[in-house]
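Hello,

Here is the structure I promised to pass on. My notes follow below it.

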Amino acid sequence: MEIARGIPEIEKRVVVAALLFSAAMLALLAYAAVRLGITVPGCVTNVKPFANGELIQVAPGRYEAHVVSKMFSFKPSPLKVPRGSVVDFYLTSQDVVHGFYIDGTDVNLMALPNAVTYGQAHFEKAGKYQVICHEYCGLGHQDMVGVIEVTP
Ligand code: CUA
């Protein structure tokens, strides 16, 4: 059997085809961005409901809290829900890593930029629940608190 010398013709064709496909894909991406105005959101906090944070009632006694952390506050705050509510927390950060601990509950999360973390709390007692940032995040870290108001 003869030993192949140099690059076989078939491999050259495969490389040329791969380069052509890559060039075509880049051209289509450029066309989509420039001519069609299609852009990919670069950041979770650029899109609703994370643009400003939002509390959404999804059913009687059921809420979704979309919380945005930012030096040195949580939005929205205060969060108001009636006693007996079950709240799903979806949390993200607009800048650095923050902590999110709701005093008196099992919810203890990290707020990460470009990611969403999840926790659920059942508020059986009325009152004010403090939300505490437990991850050092800068000079105002010790003042970074939020409030959840559970009404009777
Ligand atoms: Cu936010 Cu510490």
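Glu 54 is partly exposed, with a relative accessible area of 27%. Its side chain meets that of Lys 48 in a salt bridge, 3.3 Å from N to O. Lys 48 is exposed, at 65% relative accessible area. Bear in mind that this is a predicted model.

How many salt bridges does a search of the whole structure find? Two. The other one joins Asp 88 to Arg 62, with the closest N and O atoms 2.8 Å apart. Asp 88 lies in strand β5 and Arg 62 in strand β2, so this pair ties together parts that are 26 residues apart in sequence. Is Asp 88 buried or exposed? Asp 88 is buried, with a relative accessible area of 7%. The cut-off for buried is under 20%, so Asp 88 meets it. Arg 62 is partly exposed, at 31%.

Next, strand β5 itself. It spans residues 86-93. Seven of its eight residues are buried, so the strand is largely enclosed by the rest of the structure. Strand β2 (residues 62-70) runs parallel to β5, and eight bridges join the two. Within that pairing, Ala 65 has Phe 89 of β5 as its bridge partner. Strand β8 (residues 117-122) also pairs with β5, here in the antiparallel sense and over six bridges. There, Leu 91 is partnered by Thr 117 of β8.

Now the open sheet. Five strands form it, in the order β4-β10-β9-β6-β7. The pairing is mixed. β4 (79-82) and β7 (108-111) stand at the edges. Each has a single partner strand, so one side of each is left without a neighbour in the sheet. From one strand to the next, the twist averages 25°.

Two pairings in this sheet are worth a look. β4 and β10 pair in the parallel sense, over four bridges. Val 81 has Val 150 of β10 as its bridge partner. Strand β9 (residues 127-132) and strand β10 (residues 145-151) run antiparallel, joined by six bridges. In that pair, Val 131 is matched with Gly 146 of β10.

Which side chains of β4 are buried, and which are not? The side chains alternate along the strand. Leu 79 and Val 81 point to one face and are buried. Lys 80 and Pro 82 point to the other face and are not.

On to the surface. Met 25, Leu 26 and Leu 29 form a nonpolar patch there. Together they have about 320 Å² of accessible area. Met 25 is found in helix α1 (residues 9-34).

Last, the domains. The domain assignment of the chain gives domain 1 as 2-34 and domain 2 as 54-151. How many Å separate their centres, taken over C-alpha atoms? The answer is 50 Å.

If you open the model with these notes at hand, I would start with the pair Asp 88 and Arg 62, which links β5 and β2. Then follow β5 to its other partner described above, β8. After that, turn to the open sheet and its edge strands, β4 and β7. Finish with the nonpolar patch that includes Met 25.

Best wishes

Note on methods
Residues are numbered from 1 along each chain as its sequence is written. This is a predicted model: local features need pLDDT of at least 70, side-chain atom pairs count only at pLDDT 80 or more; totals for chains, interfaces and linings use all residues. Side-chain values use heavy atoms; hydrogens and water are left out. Domain bounds come from an automatic or database domain assignment. Two strands pair if DSSP finds at least two bridges between them. Axes are lines fitted to C-alpha atoms, for helices over the stretch in contact, and angles run from 0 to 180 degrees between N-to-C directions. Buried means under 20% relative accessible area, exposed over 50%, partly exposed in between (1.4 Å probe, protein chains only). Patches are made of residues with over 30% relative accessible area and no salt bridge: like charges are joined within 9 Å, nonpolar side chains (Val, Leu, Ile, Met, Phe, Trp, Tyr) within 5 Å. Accessible areas come from the Shrake-Rupley method with a 1.4 Å probe; for residues, only the protein chains shown count as cover. A salt bridge is a side-chain nitrogen of Lys or Arg within 4 Å of a carboxyl oxygen of Asp or Glu.
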